[in-house]
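This briefing addresses how the chains of the assembly are arranged and which backbone features deserve attention. Please consult the sequence and structure below alongside the text.

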Amino acid sequence: MINEFNEIFHPDRFFGPSSEIIDIARELYSNVKDLPIVSPHGHVDPKLLALNQPFPDPTELFLIPDHYIFRMLYSQGIRLEDLGIPTIDGTPVETDHKKIWKIFAENFHLFLGTPTGIWLTHELNDVFGITERLNSKNAIEIYNLIEKKLNEPDMLPRNLFDRFNIEVLSTTDSASDDLEYHKMIKESDWNGRVIPTFRPDAVVNIDKPEWKEEIQKLARSVKTQINNFSDFIEALKARRKFFIEMGAVATDHGVQSGYTHELEKSEVESIFNKAIDGKATAEDTNAFVAHMLIEFARMSLEDGLVMQIHAGANRNHNNIIADKFGSDKGCDIPGRSDFTNGLKELLNKFGNKPHLTIIVFTLDETTYSRELAPLAGHYPALKIGPAWWFHDSIEGMTRYRERITETAGFYNTVGFNDDTRAFLSIPARHDVARRVDSNFVAGLVVRHIITFEEGQKIMKDLTYNLVKKAYKL
Amino acid sequence: MINEFNEIFHPDRFFGPSSEIIDIARELYSNVKDLPIVSPHGHVDPKLLALNQPFPDPTELFLIPDHYIFRMLYSQGIRLEDLGIPTIDGTPVETDHKKIWKIFAENFHLFLGTPTGIWLTHELNDVFGITERLNSKNAIEIYNLIEKKLNEPDMLPRNLFDRFNIEVLSTTDSASDDLEYHKMIKESDWNGRVIPTFRPDAVVNIDKPEWKEEIQKLARSVKTQINNFSDFIEALKARRKFFIEMGAVATDHGVQSGYTHELEKSEVESIFNKAIDGKATAEDTNAFVAHMLIEFARMSLEDGLVMQIHAGANRNHNNIIADKFGSDKGCDIPGRSDFTNGLKELLNKFGNKPHLTIIVFTLDETTYSRELAPLAGHYPALKIGPAWWFHDSIEGMTRYRERITETAGFYNTVGFNDDTRAFLSIPARHDVARRVDSNFVAGLVVRHIITFEEGQKIMKDLTYNLVKKAYKL
Amino acid sequence: MINEFNEIFHPDRFFGPSSEIIDIARELYSNVKDLPIVSPHGHVDPKLLALNQPFPDPTELFLIPDHYIFRMLYSQGIRLEDLGIPTIDGTPVETDHKKIWKIFAENFHLFLGTPTGIWLTHELNDVFGITERLNSKNAIEIYNLIEKKLNEPDMLPRNLFDRFNIEVLSTTDSASDDLEYHKMIKESDWNGRVIPTFRPDAVVNIDKPEWKEEIQKLARSVKTQINNFSDFIEALKARRKFFIEMGAVATDHGVQSGYTHELEKSEVESIFNKAIDGKATAEDTNAFVAHMLIEFARMSLEDGLVMQIHAGANRNHNNIIADKFGSDKGCDIPGRSDFTNGLKELLNKFGNKPHLTIIVFTLDETTYSRELAPLAGHYPALKIGPAWWFHDSIEGMTRYRERITETAGFYNTVGFNDDTRAFLSIPARHDVARRVDSNFVAGLVVRHIITFEEGQKIMKDLTYNLVKKAYKL
């Protein structure tokens, strides 16, 4: 018995806790495991698939860009400099990538029981054929093996895209992006579907020092001047049109609170002018963001783009790290959210429109059963995005289903988002989601809440049909 | 194996996740499944049992009055007009009940995994003998079968009441209600025990446009004038006396925040006078409600009525629906609650009185382990009401027990409330509660936290003894 | 089958819910059950081990000092006076300890499913050999048996300490304590390691009536005068030095909100002077506490003491009980916490220091996955204390692991704290923790998230290595 429990990549992994559940989950999973991957929200760089160059070395590939990994190492007292994380001011950092890999391998026990550990184990096994857990002894051997494999033609990004059976991959792109790499992909002889997503956060956060520059970029992208709020709105509409031409089906909005409130025309114009003068305060920004969510919903109603709202992260909580290494360095920390009050105005204006789709993602799990499920189980426009970020995990996704399904059902959810910048981890992440959903649905079947046949149909919807419907793919 | 999992009404339903738990849960359940139903809080119309007329057609019976059902259909873009939900302004709505039933049947998959789906499956099976899941193919056949059965004498409300083995059924009645139908039942030759509950919300929400009319109704009901706060208090006391004579054992208070605070006499008088002048603000209302919870507790201490507080719903979140269709149309949305601070003054004044019973219901599950269990595990007057509304579900009731029992034990809870206006669903709801509790207690037995014999005793208390004791029935 | 489920002290207790999990949990537990007990935070009176006198009678031993027990009895309407709880003003209370014990025994069903019930069952079985559940029939017989045993030499505190296999036991001591009993233990011929913990709450809560007296005690303890804030800081540093000499490895801070904010020097001095004049307000106190957490972290950075923050209790929620019986009488009630904002300043100042250790304990379980795991999974100085107080229970500890592990891993946690003043319950509490952790880890093994061998290593770390490392023991 114990032997079976020493495999690191068991075919029944993540099923449990009882043989009754495991048996049903295995059956349900077998019907969905090979369905194509639909990835409607993520952060893969389109350049990767445009240029189709070999991946860099293992440390550059797995570790340096992945804040899930280096935040955990940092939490145990390992300096980011020693992990080769580049500094903003150019202070030199470790460049010996084998040395960095060794630190990672020595500390792999930190990732036991975490999704990062699971994804990496999957990638090493499934993509590179490695059947051992990474550790200090096998670190360099595994490094060399990966490095060698990365240079094989099979391992070029487009070949992996096809092998991963990705039907569509969405990237996330700033409002003024020229989508050069998307064009390159479209114009190539490769048929992979890679589409942009319109994310205008940088032009909405009016108190950021870089905002002025972002507005100028936006202006250049539409070849006009942006001197006032009307110009701004027109520019955004033009950019959305361009994104749609380039295949976009959705927008994305990263906000701290999710509060929505439409300002008087004169108010919003005056705040915008203040921003142009470099005088916008944090309070102005909150009011402006709350207003812009209403504006963006109005645009979505017109142009059909699905509106995604990712709410609840306190970005750059650790000033020392943010100042030295920049954003997205593992120091974004969730806080409480209040969707019942925050989304009220947005939903009263547009929530009753069945042709609008607003997908909300939360980092505050208390809002699942208390707010999001009751809201999405009523308003036609509102859907609940999958378990996000820190909650994109076995227990996190299980809690998501347990707390949402009874009030909102399965059909006010929208399938899975991998939300990753780590291209190689996409199959691992979708596989975890399919397994966790299979296990959850098996729990319903075992308890005779639904039948096995209903469970099979639901699994196909959760894996493939719902995401295509929600994102109009 | 799979065949067993295609039954929709399995005798072991809702037990799991392992055979160890299922075996014990089945045993525990078998001892309580036939105990009489005690229903201390609900919304069945007493007229139903007073007049004892046949039920209307299936759509009128199951769908049109049930906001759990039509909110889910609405969330998927089906118009309430198309479901026959009556409008306030009399705008015509669909009247072809078979057509509406068909929409419901076609969309029954929306309810898979939800309590509504479970209750309906139970009712169709147990009351009407239907062994198939409702779907677009069998919709009309099932409609016809139900319609036919509804005209059989067995299906008259009083016969069902007896067949359901209901020992007592509480209704919910406004403060000025003449309890005409309760009188009719009492004076009839039928022995069913149907008792009123005193719910004075309409005369307490002083900023509602209808408040003035409600106060006049209250005044008429006690045949005096209500010109000031003292008159108001005296009227309430008189009405409580009348309700008690008519069999009432409890009051009920639906409040948004659960905040309690006694005002100075002059303050409350001045707010009341402002209300009489039609000038009460939202802020006044909050202060008045906070004060009235203290007053009502004081009255309960005198007259012995159990005080129920249902806190946390933001009523009529969707103005468009509320304006067109009225209240209780599926657009009440929970928000955060704070009982630790909110109930502090009430509990400091009256919480130490062992002969007073205050039962609190929450829509914010985070308060179970953080606030309500610690409070109820200390204050003699405070008890925790069962999992409520969106949480009256398998996972919801399981979370309730898991988060409350370790701090408050079983004996600071009060059994189950079905809280329903759907008379036919009462046995289904109590059956789910009995099964979920059996399963939870089986989990304790399997893990040797309590013995099987202790589990049997606890199950009888949770099902029958605690509710009778808490509500003094 | 049923017979097995009528044992009250089963060797597989707390394992479940399936045979798959039970089998692995039993194996994992068998490797850690006999490891020494390391108790880095608790409230055992050092006098007990200094004087090494026989324990008093069962009621005095188990009931009167244990607010977990009498709060539950009180919640069911039993007066504290009838339980012999001493009053502040000397009002006489029940002194017949057999009579009190009988009340407890008659009501033992209140504790079924609670940790108190589990701990007591363990103690009676393991220490006194009692194999029946306490009840009204066996109450006096059990009382007599315990009383007799308590006079055997085996039952002297030091003998039990050795038999319990306690490697180190931390007490909690006020800033001005002379640590007389710690000295007595050190100077005795007994080798048990009992160390103090520096808890300066009483000198920090500047609006308490007793604060002035506490400051005078502090001044006397360092043989100087404390006339201003600098004197105060110097006195604290001197006391910490003394505590370190006496073996202390940690400080402890009980705070309501966990908010941290450094004041300007002039501001904090002025607040301190206000306090000296007896004029400090609640607002001043909050500002002062927020400032002092920063000061204490700065001191810890210098002197190496581990900093523990216990946040979230509303002390003495029930004024009637607090006024009549004093503090720690079961009427402390948790409220919401906000660590993301509250700890931000502290963590920005000191959170990046890998040699500092700040251990945070929460009573608000919503902060596990939303705040504490993301924070501890990033900041090197921050660790998450084990499930605390109301959550030191089977379900509570399970939720703790489920919500923390995926983001913070196992290695940003610090093992178990028994946090008890009930010396006899220490082995029971550690045993519950070891069993719950074994069961949680077995869940990972059964689901092939980690291997059995990895699970074995993790269990040893959770039980023994992590606590020693975190507290530098």
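**Chain contacts, symmetry and backbone geometry**

In this predicted model, the contact between chains C and B takes 48 residues from chain C and 46 residues from chain B. The points below treat this contact, the symmetry and some backbone details.

**Contact between chains C and B**
- On the side of chain C that touches chain B, α4 (67–75), α6 (115–126), α15 (319–325), β9 (333–334) and α19 (394–408) of chain C each supply at least two residues.
- The greatest contribution to that side comes from α4(C), with 4 residues.
- By residue class, the side of chain C that touches chain B comprises 20 nonpolar, 20 polar and 8 charged residues.
- Only 6% of the interface residues of chain C are also interface residues in chain B, so the copies meet through different surfaces.

**Symmetry**
- A turn of 120 degrees, with a shift of 0.0 Å along the axis, lays chain C on chain B with an RMSD of 0.0 Å.
- This is the relation of a three-fold axis.
- The C-alpha of C:Ser18 is the one in chain C nearest the axis, 3.0 Å from it.

**Cis peptide bonds**
- A:Gly16 and A:Pro17 are joined by a cis peptide bond with omega of about 10 degrees, and A:Pro17 sits in the segment before α1 (19–32) of chain A.
- In chain B, the bond from B:Gly16 to B:Pro17 is cis, with omega near 15 degrees; B:Pro17 lies in the segment before α1 (19–32) of chain B.

**Positive phi**
- Although not a glycine, A:His448 has a positive phi of about 60 degrees. A:His448 belongs to the loop between α20 (426–446) and α21 (452–470) of chain A.
- A:His448 counts as buried because it has 22 C-beta neighbours inside 10 Å.

How values were computed
Residues are numbered from 1 along each chain as its sequence is written. Chains are lettered from A and ligands numbered from 1 in the order in which they are written. This is a predicted model: local features need pLDDT of at least 70, side-chain atom pairs count only at pLDDT 80 or more; totals for chains, interfaces and linings use all residues. Copies are superposed by least squares on the C-alpha atoms of residues with pLDDT of at least 70 in both. Two residues are in contact if their C-beta atoms, placed from the backbone, lie within 7 Å. Ala, Val, Leu, Ile, Met, Phe, Trp, Tyr, Cys and Pro count as nonpolar, Asp, Glu, Lys and Arg as charged, and the others, Gly among them, as polar. A residue is buried if 20 or more other C-beta atoms lie within 10 Å of its own, exposed if 12 or fewer, and partly exposed in between; C-beta atoms are placed from the backbone.
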